[in-house]
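Biologist: Could you take me through one part of this model slowly, as I am new to this? I would like to follow how charged side chains pair up.

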Amino acid sequence: EEIPGKASRGEEVYASLDCVICHTVSGKGGIVGPVLDEIGARRSAAHIRDALVEPEVFTPDGYLQLRAVTKDGLALTGMRVNEDGFSIQFRDFSEELHSFWKDELDVLEKQWQRSPMASYEGRLTSEQMDDLVAYLVSLKGST
């Protein structure tokens, strides 16, 4: 696959966008978004580009964003970690883990196909987008 752009410059773009707040590469970064160590081995350049432009279309299987409001009015948004018929656990976007009995909540809104990641369409030059895609495609894991 011919990839325009330079991975070395793309790594700089990645760092400048604070992607590390949510995503992990080589053990460094946040845990809210998917780990990207092997993204280049699992996804094509076209898929990665599309996901940067329309992140909500490409949310990973099993990812579920939640909005919860407790009976005392505390509103939280985050990513579901675990759920059963009586309780739910989720991690907010500052990586704090929350656990509630469902009867403690006034609102439990399951936001399927929602992503906290904003689209990069129009936020990056075409060269920056090419470089970022080249960098992400270069992440093939330790094989």
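Modeller: Happily; here is a walk through the salt bridges, ending with a glutamate in one of the strands they involve. This is a predicted model, in which local features need pLDDT of at least 70 and side-chain atom pairs count only at pLDDT 80 or more, while totals for chains, interfaces and linings use all residues. Residues are numbered from 1 along each chain as its sequence is written, and side-chain values use heavy atoms, with hydrogens and water left out.

A salt bridge is a side-chain nitrogen of Lys or Arg within 4 Å of a carboxyl oxygen of Asp or Glu. The whole structure holds nine salt bridges. In one of them, Lys-110 meets Glu-83 at 2.9 Å, N to O. This pair links distant parts of the chain, with Lys-110 in strand S7 and Glu-83 in strand S4 (residues 75–83), 27 residues apart. Strands are DSSP runs (E, at least two residues), numbered from the N terminus. Glu-83 also bridges to Arg-80, with the closest N and O atoms 2.8 Å apart. Together, Arg-80, Glu-83, Lys-102 and Lys-110 are linked in a network of salt bridges.

Now to Glu-109, which lies in strand S7 (residues 105–111). Its relative accessibility is 31%, so Glu-109 counts as partly exposed, a term for values between buried (under 20% relative accessible area) and exposed (over 50%), using a 1.4 Å probe and protein chains only. Leaving aside neighbours within four places in sequence, Glu-109 is in contact with Gln-65, Leu-66 and Arg-67, where contact means heavy atoms within 4.5 Å.

Definitions and conventions. Helix = DSSP H or I, 4+ residues; strand = E, 2+ residues; numbered from the N terminus.
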